[in-house]
Amino acid sequence: MKTDGTAGRPAPFDELDRRLIHALQTDGRAPFSRIAAVLGVSDQTVARRYTRHRGSGAFRVLGLAEPRALGEVEWLVRVQCAPDAALPVAEALARRPDTSWVSLMSGGTEIAAVCRSGSSEHSDALLLQKLPRTPSVVGVAAHCLLHEFYGGPQSMVSKSGALTAEEAARLSPPPPRRPSETVVLSDADRRLFEALGRDGRAPLDELAAVTGWSPTTVRRRLAALRADGVLYYDVDYDLRLFGYGVMVALWLSVEPAELAATGEALATHPEVAFAGATTGPNNLFASVLCRDTSALYTYLTTRVAALPGVRTMESSPRIRHLKGPGPYLAFSPAAPRSRR
């Protein structure tokens, strides 16, 4: 892999890399020939770039399920631990199939995670099943995600401007329809999502072997799940290679009358990777990415300070990332991932 000459560190993504990532964020299973036509390069160039970066772990395409389309509820969980227990507890949470975005925060004494449950009634069981029984866990808070202002198929890459609006439109699939009823997945569907969570561009033959369907049936099912808004594609990438050195969880307490306007304004900020309204005293949450701590300070004292109705602000830096939106792969702490 190409490096920047600093202790073998991978070189930052160049302009073509960024355009490729933006294209994959727009349509994760678009054929290389279609992407190449938009980017103005050859099919072989796109294939080589993708294969190199996918193999090195710099980025990967994931096929993910939209919780709301399945009638699921997401919880933003904060666990306070004794310092020597935080990592084992975080690893235990990361191994759970219904957790994502598991990270160590602050001084290594707080764990942040996103947990899914079939409904809000299952929250107590959800937490009890995930946390190891240890006196080193000194506090747990769970906040239900009520509304998503920015996230899902949208990401920081979508705001990067690597592709022009016209180029992104050429790759964008039709907007999903929203079924009138909650979509129920079959066992084969769940196996399909497990495979897509490892590799969103897995070949049809591989997906057919996992599900027991024919490749033609797999193709039709992928199209149907996407059209119903159940399946979307995301690019998980090394934040450093995109120029981000600091990731912070931002908790805001906002006047109820201003919550919608503030969340919508926050969602437009280039620094915001995710924004959602939650239950609890801090009713607006965001994941913020900045180049460095100086840029973070500028962001907090200008853009955030100008938001309407903000009463209090709490920021918590991420110091180690254990799990993203896909399966638990035990990423190196030296390779922070996108996004929440």
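## Salt bridges and cysteines

Asp98 forms a salt bridge with Arg96, with 3.5 Å between the closest N and O atoms. The model described here is predicted. Both partners of this pair lie in the intermediate class of accessibility: Asp98 is partly exposed at 24%, and Arg96 is partly exposed at 24%.

In total, the structure holds 19 salt bridges. Three of the individual pairs are listed below with their N to O distances.

| Acidic residue | Basic residue | N to O distance |
|---|---|---|
| Asp27 | Arg34 | 3.1 Å |
| Asp98 | Arg96 | 3.5 Å |
| Asp228 | Arg177 | 2.8 Å |

The side chains of Asp228 and Arg177 meet in a salt bridge at 2.8 Å. This pair links distant parts of the chain, 51 residues apart: Asp228 belongs to the loop between α9 (215-227) and β6 (231-237), and Arg177 to the loop between α6 (165-171) and α7 (187-198). Asp228 has a relative accessibility of 16% and therefore counts as buried, the limit for that class being under 20%.

In the salt bridge between Asp27 and Arg34, the acidic partner Asp27 is buried, with a relative accessible area of 7%, whereas Arg34 is partly exposed at 32%.

Salt bridges also join into a network, whose linked residues are Glu66, Arg68, Glu74 and Glu148.

Turning to the cysteines, Cys115 is buried at 1% relative accessibility, and Cys144 is buried at 11%. The structure holds zero disulfides.

Definitions and conventions:
Residues are numbered from 1 along each chain as its sequence is written. This is a predicted model: local features need pLDDT of at least 70, side-chain atom pairs count only at pLDDT 80 or more; totals for chains, interfaces and linings use all residues. Side-chain values use heavy atoms; hydrogens and water are left out. A disulfide is a pair of cysteine sulfur atoms within 2.5 Å. Buried means under 20% relative accessible area, exposed over 50%, partly exposed in between (1.4 Å probe, protein chains only). A salt bridge is a side-chain nitrogen of Lys or Arg within 4 Å of a carboxyl oxygen of Asp or Glu. Helices (H or I, at least four residues) and strands (E, at least two) are DSSP runs, numbered from the N terminus.
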